[in-house]
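This report is written for a reader who wants to follow one helix, the strands it packs against and the chain contacts around it. Please keep the structure in view while reading.

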Amino acid sequence: MATIELKQVAKRFGQNWAVKPMDLTVQDGEFLCLLGPSGCGKTTTLRMISGLEAVTEGSIWLNGRNVTWEHPSKRDIAFVFQFYALYPHLSVWENIAFPLQAEGEKKENIHKRVAEVVEILRIGHLLRQRPGRLSGGDQQRVALARALVRRPAAFLMDEPLGALDAELRESMRAEIKQLHIHQHATTVYVTHDQVEAMAMSDRIVVMSAAEVQQIGTPAQVYYDPTNLFVARFIGSPGMNLVDGRLEGDRIRLPGTENVIPIPPAYRPGLQALGSAEVIVGFRPEAAMLSSDGGLVQGEVYAVDMHGAYKLLHVSLGNGAGNTIVHIRADRLAPYAIGSPVRFHLNMDMVRLFDPKTEKAIPRLSEGATVMSVSDLAREVGR
Amino acid sequence: MTASFYEKGPARPITESTRVDKVSPRARWLGKVRALLVLVFAFIGLIPIFVMGITAFKTRAEVVSVPPKVIFSPTLEGFVFLLTERAVASPARIEQLRAEAQVGELNLFERLALASGQEITGPSDYVRRLINSLIIAGISTVFSVVLGLFAAYAFSRFEVKGKDDLLFFILSTRMLPAVVVTIPLFLMYRQLALHDTHLGMILLYTVFNLSLSVWLLKGFIDEIPREYEDAALVDGYTRMQAFFKVVLPQAMTGIAATTVFCLIFAWNEYAFALMLTSDKARTAPPSIATMLGRGGIEWSAIAAGSLGFLIPVVIVAFALRNYLLRGVTFGAIRQ
Amino acid sequence: MSTVELQHITKHFPTVTALRDVSFTVQDREFFVLLGPTGAGKTTTLRIIAALLKQDEGHVLFDGEVVDHLTPADRDVAFVFQQYSLYPTMTVFENLAFPLRSPKRRLPEVEIRRRVEHAAEVLRIGHLLNRKTARLSGGEMQRVAIGRAIVRQPRIFLMDEPLSNLDAKLREALRAELQHMQKTQGNTVLFVTHDQIEALTLADRIAVLDHGRIIQIGTPADIYDRPATTFVATLVGTPRINLLPAVRENSTYYVSHSELHLPMPRDRNLPVQVQVGIRPEDIRLAADGPFAGTVALTEPLGIETIVHIHTGQQTLLSILPGMTDLKRNDVVRFHILTERLHFFDTEGRRV
């Protein structure tokens, strides 16, 4: 079991930062995701933790021990690659046993430990096959088994589900999460897929352009993004972001009649802003369609059917440069394209951003963002 | 703790890296070594061509001097010997010619011939043979690339019965060594009156190159997604129009690469040319070789002839170099 | 725009039969989606309609007339491919103009320019017209590909997974634009996809295809709420439908290895052994729910949260809107919307 600590770790290639200096502590037993678009430095960070890549600056600590310049094999860390990296000429059993044989483990011990992980990952029926003949999901299970069998202090995973198709990815996602719950091993997981990061992580490190944008729980990065990048990147669709203009204690949104009150928690923050321009952000579920005169009105541009719910694309304003927002709606109600709709906003869930700095405007208290079970009952009842 | 770590310094820096954009001092140093190695190899490889180049401009005496001279006064003597037929002139004739030279009635070549006591009697066969080479290699290359392109397209796109067997058969025509088939060909060509004709050589080289061009071009066309033509068909074009408008522009790299391969084969071919031509359709390679046999070996003339023989291929390869660089990756990089 | 009808189409390839007796009709101005996994025969169907492939049996009819003998150029359809259909040697403008310059329907250059510029405006690619297509992003390329279809007024648009090579956010945006364009302009579209959200979102009607056979044809609501087989039921909906074996005693179904028991719908007589299908959103957490379970896993996705609930030896997937504070091992009570249950026989057919 392990804690991993990064102190001002950075990586530079010539003049270009691959990772700007970052601090990060991964707690014992934590599942932490490094999330970001390709080229944001997440994989480089993972490779520096593993020792496959040398740091340019800073130090890496494993359980309080400085391992910055230790060889990867000495770090007691297992690495799971996207393309499995299974040895094609060895059987599944031999692949799993390989790291133990390399350590010179006794024969009966090897058999015992391989049997253990095979049981956990339910791949007993595959042991005699060659990896090349397995499905993508089974190959990744074998790769996980090979990592698991070493009983490492920590797991590092580099987009392990990236090569699988959507459906398999969904079930493997739950499997890896279950595995983590049972093993409780410290895990650092790299992905570009925000759904994966949200579903699996205890905490998420959102990275972009070699820099850490935000570190937080899935609920924090979802409801309280620190900047516009995080707001757009997290969520499918991303947060609705609409140009707003302060008018007294109200904010005018695009469209003729669309005005919302300033959420009280934002009053002090807005006074410090010194400008009337803001960006108003809200999640699709923060909008509530209402036939009896909601605050904001628009026109249905398109309707996504997600099975369990519909997602309306609503165009605010009219003509050129119209703003489109996404609103979660009931799956059974019909919405014709071009028809007008009105909606309320849950003001606790409205977030404001400074268009110049692209950063979130500070808020007084953290509003209720997580629904309790009793809220849920109300929610599903409506 | 941090302080003590810095005092000790890194125990063993880890330098493995899969990033190609990483420019560590070591990588930079390696880059320089690599560049130096390439230069050395290029230098070694170019020595024969350099020697050929300077030999073409040396006098007979300078050619055979030991050690070889690198600095010398260049002369066109070699080219005179290459391009003309000459006779040894009688002393009286030499006097007469010298007089003509005085008043400027002799051109450069005649004066050079005179310097070694010879008189030009007419042009040599070399130019004719170089032209033969150009005609035969050029036309056969065009034929084999055009025919190969259509065949390759058909093999790539249509369901042809026995496709694999046919492709193997086409390849197999290239498996027999030339020497084995020359004698039967020689007898056949004599019967068909194709011996020592341009047509005979063009046919032969076309057939021989066709296997290469079909296989190469099929590879390139396979790389062009069918969707392009499907889109054009749906858009209202016939298959032939789609071929010319859509496939051809994208196959240019492959066509260029194939052209150069075919041209080089036909241009350099020696064994067939020696056996199946005698004079009218004789190409340059056997004729240069036979220069060795004529009395005293005129090294500077041979070097000059080789130089002339080299230039057309260099020009073609240079003209197509952009396509070739991409072509040799066999479509791995799309334009 | 036209009505397109397929009558008993069968197509064999050397090693496999791609289509078996496929019949359906795409109505004028309809958005018709072919949904199915890889290898189901979706693309083969499109290619037969475009005459890029010839069927072994059956007929293709446009507006009631058999068009089997017509070439691709004469069928007057527009085809949007998944990828690789823009000509890399041409600019965006030349690509868009290409169908209008074909010998079959050559237009005057003035008219070509007008139509190309109009299509570019609709798809917001006007600023790219002089760019070589190799230098476009994936989303821009697919816009141009769609543009090349809309410059003409074809009888039908055939679209072969045009969005599947794009990343999630871009796919969503282009999907909405496509939907908006079709609904406002009234085009006839036959759209192929393996993505169930695309199918449910875009379609007026969906045909579900598997192994070259049509399994079900219906509106998105038919497919989602009344799936004909367990295959269709699992194909649409994320997370996938819960399928549980159950045995009937009198008018109550008892789910194996669990405490769950569900009433048989009244006025129907169903078999003793069935598979019960429960959509995740039809499992509702409520303090007064009749069933109890423990939370095995929560997967917060933002707009909704997937909750894995252990009950007996079964694991149910349930879905909640927004984020929750539920944790692993929490005991929850829930009820199941019995009017929305799906029953399948042991063969997987809806009963």
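What follows describes a predicted model, beginning with chain A and its sheet, then turning to the helix of chain C that lies on that sheet, and ending with the contacts between chains.

**Chain A and its sheet**

Chain A contains 10 helices and 20 strands, and its C-alpha trace extends over about 75 × 45 × 40 Å along the principal axes. Of the 382 residues in chain A, 43% are buried. Among the contacts in chain A with a separation of 6 or more, 65% are made by residues 24 or more positions apart.

One part of chain A is an open sheet of 5 strands, in the order β15-β19-β16-β17-β18, with antiparallel pairing. The edges of this sheet are taken by β15 (287-289) and β18 (323-329) of chain A; each has a single partner strand, so one side of each is left without a neighbour in the sheet. From one strand to the next, the twist averages 50°.

Within this sheet, β16(A) and β17(A) form a hairpin with 4 residues between them, and Gly307(A) in the turn has a positive phi of about 85°. The strand β17(A) is mostly covered, since 7 of its 7 residues are buried. Lys310(A), Leu312(A), Val314(A) and Leu316(A) point one way from β17(A), while Leu311(A), His313(A) and Ser315(A) point the other way, and all are buried. The pairing of β17(A) with the strands on either side can be followed through bridge counts and through individual residues that stand opposite one another. For the hairpin, these include Glu299(A), which stands opposite Ser315(A), and Met305(A), whose bridge partner is Lys310(A); towards the edge strand β18(A), His313(A) stands opposite His326(A).

The table sets out three antiparallel strand pairs, two from chain A and one from chain C.

| Strand pair | Sense | Bridges |
|---|---|---|
| β16(A) and β17(A) | antiparallel | 6 bridges |
| β17(A) and β18(A) | antiparallel | 7 bridges |
| β1(C) and β4(C) | antiparallel | 5 bridges |

**Helix α6 of chain C**

The helix α6(C) lies across β16 and β17 of chain A and runs at about 100° to β16(A). It comprises 18 residues (168-185), which at 1.5 Å a residue should span 26 Å, and its end C-alpha atoms are 26 Å apart, in agreement with that expectation. Which residues of α6(C) are buried? They are Arg171(C), Glu172(C), Arg175(C), Ala176(C), Leu178(C), Gln179(C), Gln182(C) and Lys183(C). Seen down the axis of α6(C), these buried residues fall within an arc of 165°, so they line one face of the helix. The general background is that an α-helix has 3.6 residues a turn, so residues three or four places apart point the same way.

The cover over the buried residues of α6(C) comes from two chains, and it includes β16 (296-305) and β17 (310-316) of chain A together with β3 (31-35), β8 (189-193) and α7 (196-202) of chain C. On the other side of α6(C), Thr184(C) and Gln185(C) are exposed. Just after α6(C), Gly186(C) takes a positive phi of about 70°.

**Contacts between chains**

The contact between chains C and A takes 39 residues from chain C and 37 residues from chain A. On the side of chain C that touches chain A, at least two residues each are supplied by α6, α7, α8 (220-225), β15 (283-285), β16 (291-300), β17 (304-311) and β18 (314-321) of chain C. Of these, α6(C) gives the most, with 7 residues. By class, this side of chain C has 21 nonpolar, 9 polar and 9 charged residues.

Chain C also meets chain B, where 15 residues of chain B are in contact with 19 residues of chain C. The elements of chain B that give two or more residues to this side are α11 (227-234) and α12 (239-250), and α11(B) gives the most, with 6 residues. By class, the side of chain B that touches chain C has 8 nonpolar, 4 polar and 3 charged residues.

**A second sheet, in chain C**

In chain C, 4 strands form an open sheet in the order β2-β1-β4-β5, and the pairing is antiparallel. Here β2 (17-26) and β5 (65-66) of chain C stand at the edges with a single partner strand each, so one side of each is left without a neighbour in the sheet. Between β1(C) and β4(C), the bridge partner of Leu6(C) is Val60(C).

How values were computed
Residues are numbered from 1 along each chain as its sequence is written. Chains are lettered from A and ligands numbered from 1 in the order in which they are written. This is a predicted model: local features need pLDDT of at least 70, side-chain atom pairs count only at pLDDT 80 or more; totals for chains, interfaces and linings use all residues. The expected span of a helix is 1.5 Å times one less than its number of residues. A residue is buried if 20 or more other C-beta atoms lie within 10 Å of its own, exposed if 12 or fewer, and partly exposed in between; C-beta atoms are placed from the backbone. The arc is that of the directions from the helix axis to the C-beta atoms. Two residues are in contact if their C-beta atoms, placed from the backbone, lie within 7 Å. Two strands pair if DSSP finds at least two bridges between them. Axes are lines fitted to C-alpha atoms, for helices over the stretch in contact, and angles run from 0 to 180 degrees between N-to-C directions. Ala, Val, Leu, Ile, Met, Phe, Trp, Tyr, Cys and Pro count as nonpolar, Asp, Glu, Lys and Arg as charged, and the others, Gly among them, as polar.
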